Each structure stands twice: as C-alpha cells, then as structure tokens.
Amino acid sequence: MNRRYRKTIIAGNWKMNKTPKEARALVEELRPLIAKAKWCTTVLCVPFVDISAALKATRATKIAIGAQNLYYEPAGAYTGEVSASMLAEMGVKYVIVGHSERRALFGDTDVIVNKKVHAALNAGLKPIICVGESLEEREQDVTAEVIRKQVKIALMGVTADQIRKLVIAYEPIWAIGTGKTATVEQAGAVCTLIRDTVRELFGARAARSLTIQYGGSMNEKNAAALLAELNIDGGLIGGASLKPESFKAIVDAANQ
Ligand code: PGA
C-alpha cells in the first residue's frame, strides 16, 4: 500500500448474513475494536435490510457503511431492485459492484457492471468494483487478459478524475470462501497489472490515486504480508469480517 497517494480501505462484505437485530449487535461488538483506525478507512458492506441498523450503530464513528449491489436505472418498473440514489439518501457511502457471486449467480456482465459503476458515481457513491479470474482461467494462463478486459469494460466512459472516487478489488474466484489465498506474489502481480492498465487508460496521476484491494480468504494471518505489497491498498473481506477479532486484526495490520 502507498498511503502517500491513495486511501487504504478495509471493507467487510457480509454477504447474505445477519438480520437487522444481529447486524446491530455485530456492529456494536466491532465498533470499539476498529474505531481507532487512523490510517485506513473501514467500511462495512451489509445487506440492504441491515443498512438502517448499521448506520444507526455507526453514527458518530468513522466507520462507513456500504451496500453489496445496486441497480443502474434511476427509478421505474424494476421489481425488487434498489437504485443508487436510494442508497445515497440513506447515508451509504460505498457499494460493491460486480462481485463474482453476482456475476456467476445473478447475471452481472461486464457491461452491466459498467452501467452500475456510472450509476454509483453519479449518485456520489464509491463503487468497489470486483474483478477476478476463475481457476480454469488461471490454469490456462489467461489471467492477465481476463483482468484487463474486466477492468477496461468496467471503466468505459469513466473520467480520469473519477478514478480516485472508486476502488477496484482483485478477487480471484478460486480464493473466495475457499480458505485458499493467492500468494503475495500472485496477488501483487495482478494488482500491479490493474494499476498499469488504469495508467494506460487514464494516465499516471489517476493510476496513483486508485485504491486497489485484494479479496479472497484474507484473514488475520495473511493480511499483513498482502498489505505490505506496494500495489495492494486494502482488502475486501468476506468470512473474516463476521468475526470481530479477525476483522480487528486485519484493520490493525492496515494501520501499521
Ligand atoms: P472471503 O470472501 O474473504 O470469504 O473469501 C471475499 C469476498 O467474497 O469478497
């Protein structure tokens, strides 16, 4: 991570876990543990129905609340969907876009991800854009092509000035929820490739300002080594974000 140019961000992705009551209890448990984070921004990306409880429980703290998805249209006949302005008005600051579970299970394509990125930015939300290769793609040695394509399409039509208002999370699909973490070298290499791609598209200044997270079985044991990489500026944490002591240890590692 390189704090001189960009933010370090540790974000929890709770996925489809915790009812509003449980969310409040978990945030209250987490609050004293992560409240002192000075050098990194902490974000909790919670289910839609938990946003209100999470916002209340983090009032007057520096912990930001994020959502895990949004729909790109501003309003209309889209039963079951939630717009960017609905989230922004509630006080949500971040939104995960294009998580591999949404790409695999709910049809989020690269083009849809791009539309969601624009919807988020236009509403003043910071999108956390997830990219990552499957095991087959890594084994066929096409990781670089896959990542470059995902990044380029996700960022179509975005301006150089908007790059510092978004986050890219590199999440190899084979490492998510599997307990298999990418090695520091693998994660570092892809995060460097992401920054190089953004530099090609938007120039050196924009590339320097971009926060790039690693995600995929990040935990209290491997966080410090991953975060020591020059091009890894934080983490997107699934399983370990539901365990207060583990999440605290990751936030502490980012605060070193
Ligand atoms: P994990 O999930 O930390 O449980 O692997 C990460 C993610 O899906 O964002």
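In this predicted model, the largest nonpolar core holds 68 residues, and within that core Leu155 and Ile194 touch the most other members. Helix α8, which spans residues 184–202, supplies the largest share of this core with six residues. The points below take up the packing of the interior and then the two largest pockets in turn.

**Nonpolar cores**

- Leu155, one of the two residues that touch the most other members of the largest core, is in contact with Asn114, Ile129, Ile163, Leu166, Ile168, Val198 and Phe202, once its neighbours within four places in sequence are left aside.
- A second core, separate from the one described above, is made up of 12 residues, among them Ala64, Tyr94, Ile128 and Leu236.

**Largest pocket**

- The largest pocket encloses about 440 Å³ of space, and its lining consists of 18 residues, of which Met16, Gln68, Asn69, Arg102 and Phe106 lie nearest the centre.
- Sorted by class, the lining of the largest pocket comprises nine nonpolar, five polar and four charged residues.

**Second largest pocket**

- About 260 Å³ of space is found in the second largest pocket, which is lined by 18 residues, with Ser217, Met218, Gly238, Gly239 and Ala240 lying nearest its centre.
- In the second largest pocket the lining divides into five nonpolar, nine polar and four charged residues, where glycine is counted among the polar residues.

Key. Residues numbered from 1 in each chain as written. Predicted model: local features only at pLDDT ≥ 70, side-chain atom pairs only at ≥ 80, totals over all residues. Heavy atoms only, no water. 1 Å grid on protein atoms, 1.4 Å probe; cavity = no way out; pocket = protein on both sides within 12 Å on 5 of 7 lines; lining within 4 Å. Points joined across faces, edges and corners; volume = space filled by probe spheres on them. Core = buried A, V, L, I, M, F, W, Y, C linked by side-chain atoms within 4.5 Å. Buried < 20%, exposed > 50% of the residue type's maximum accessible area, 1.4 Å probe, protein only. Helix = DSSP H or I, 4+ residues; strand = E, 2+ residues; numbered from the N terminus. Contact = heavy atoms within 4.5 Å.
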